[in-house]
Amino acid sequence: MILVSGSTGKVGQHLVSALKAKGATFKALTRSEASLKALAAQGVEAVKGDLGDPVSLKAALQGVDKLFLLSAGSHFGPLELGAIEAAKVAGVKNVVKLSANGASADSSNPLMRAHARAERALEASGLAFTILRPNSFMQNWVAFFSLGITAGQPVYVNAGEGRLAWIDARDIADVAATALTKPGHEGFVYDLTGSEALNYGEVADRLGRLLGREVPYVPVPDAAAFEAMKGMGMDAWYAYGMVTLHQGVRRGLAEPTTGTIELVTGKAPRSIDAFLKENIGAFS
Ligand SMILES: NC(=O)c1ccc[n+]([C@@H]2O[C@H](COP(=O)([O-])OP(=O)(O)OC[C@H]3O[C@@H](n4cnc5c(N)ncnc54)[C@H](OP(=O)(O)O)[C@@H]3O)[C@@H](O)[C@H]2O)c1
C-alpha cells in the first residue's frame, strides 16, 4: 500500500492519476474534507490527515509500505522530518521524496536548505529512498501568473534573463509512479528537468504568440520582488526563498537539462509549447 501525500497539489494530483492508471494499490492523503469527497468520487481511496498532526499521520500510515512525501508552505521542512520519523515507526519500507533542484545544505536559499535537511534525515533513517529534485514547474505559469496575464498585466520576476529547464509536473508524477511501483530506484537522487531551458521572457513571448497579443515580462530587482511577495501575504522566510531561487536562476543554476525523465520512464519530457497550448484557456 502506497500513501500519497500532497495528493491534491500540482504534482500529487497527477501522481494519483498515474498510480490509478497503473492499477497500483494506494491511498491519497489530504487535510481537506472537500478534497476527500472529490477523491472518493473519482474512486480513489482517500484518508484525512495532516503531516503536522501525529495522531492523524499515524492512522494514515497504517498498513503503508511506501510513502510519497511532499509538502508545501513555510513549515514543510519540519513537517517532512516528522513524517520520516513517523514512517519509520509505522514500518514503512520505502520513501520517495519530492525535493527540489539545488537542494543543498550550503545553499543561501532557506527552501533548499530545508529540502537538504529532509533528504539527509531520509538517508540517515535506514529506509529505502528515492529523491526527486525537479526544476521549476510549467504549472507555475497557471498557478501564479495566469490571473495577471489574463488581466493584461506583465509577469514580474527577479530572474533577469536567466533560463530555467521548465518541467511538466506530470513528468515528475510519472517518475514518482515508476519509483513507487517498480524496483531498482532505491538510493537514487534524480535531477529532473524538461528538455528546453527558457527564460521568463522567452516563455512569455511563446505564450503571447499563442494568445495573439503581447505578454510582457519585466525583470525586477530583488528588493522589489521581496516586498511584493510579502505584500501578497507571503511570510518573509518563504519570500526570501523565492528571491534567492531567482538569484540562482540569474547565475544559470536552473539552466542545465538532464535526460533523467526519459531514463526512468522511457518517455521524452513533455514540452513547454505543448503545455502552453493545452492550458491556453487559463490565460485567455
Ligand atoms: N513549484 C515549483 O516550481 C517547484 C519546483 C521544485 C520543487 N518544488 C517543491 O514542490 C513541493 C510543492 O509541490 P506542489 O507544487 O505539487 O504542491 P502544491 O500544489 O502547493 O500543493 C501542496 C500539497 O501539499 C499538501 N500539504 C500541504 N501541507 C500539508 C500538511 N501539513 N499535511 C498534509 N498535506 C499537506 C496539500 O494537501 P491538502 O491541501 O489537500 O491537505 C497539497 O496537496 C514543495 O516541496 C516545493 O519546494 C516546487
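The following legends describe close-up views of a predicted model.

**View 1. Helix α10 and its buried residues.** Helix α10 comprises 15 residues, 236–250. From its first C-alpha to its last the helix reaches 21 Å, close to the 21 Å expected at 1.5 Å a residue. Its buried residues are Ala239, Gly241, Val243, Thr244, Leu245, His246, Gly248 and Val249. These buried residues pack against two helices, α5 (110–124) and α9 (222–231), and against two strands, β7 (155–157) and β8 (163–164). After α10 comes Gly252, which has a positive phi, near 90°.

**View 2. The crossing of α9 and α10.** The axes of α9 and α10 come within 9 Å and cross at roughly 145°. The crossing in which α9 passes α10 is right-handed. On the α9 side, the contact is formed by Asp222, Ala225, Phe226, Met229 and Lys230. These residues meet Ala236, Ala239, Tyr240, Met242, Val243 and Gln247 in α10. By class, the contact of α9 with α10 has eight nonpolar, one polar and two charged residues. Ala239 and Val243 of α10 take part in this contact and are also among the buried residues of α10.

**View 3. The shell around the ligand.** The ligand is surrounded by 29 residues. The closest are Thr8, Gly9, Thr30, Arg31 and Ala100. Strand β2 (26–30) and helix α4 (76–90) each supply at least two residues of this shell. By class, the shell has twelve nonpolar, 14 polar and three charged residues.

**View 4. Helix α1 and its packing partners.** Helix α1 spans residues 12–22, and among its residues Gly12, Gln13, His14, Leu15, Val16, Ala18 and Leu19 are buried. The buried residues of α1 pack against the strands β1 (2–4), β2 and β4 (66–69), and against helix α7 (169–181). Strand β2 thus appears both in the packing of α1 and in the shell around the ligand. Gly23 follows α1 and has a positive phi, near 70°.

**View 5. The surroundings of Asp171.** Asp171 lies in helix α7, a helix against which the buried residues of α1 pack. Asp171 is classed as buried because 27 other C-beta atoms lie within 10 Å, where 20 or more suffice for that class. Residues up to four places away in sequence aside, Asp171 touches Ile261, Pro269 and Arg270. Asp171 and Gly194 are 23 residues apart in sequence, and their C-alpha atoms are 8.5 Å apart in space.

Key:
Residues numbered from 1 in each chain as written. Predicted model: local features only at pLDDT ≥ 70, side-chain atom pairs only at ≥ 80, totals over all residues. Helix = DSSP H or I, 4+ residues; strand = E, 2+ residues; numbered from the N terminus. Expected span 1.5 Å × (residues − 1). Buried ≥ 20, exposed ≤ 12 C-beta atoms within 10 Å, placed from the backbone. Contact = placed C-beta atoms within 7 Å. Near = placed C-beta within 6 Å. Nonpolar A, V, L, I, M, F, W, Y, C, P; charged D, E, K, R; others polar. Axes fitted to C-alpha atoms, helices over the stretch in contact; angles between N-to-C directions. Left-handed = near helix turned anticlockwise from the far one by under 90°.
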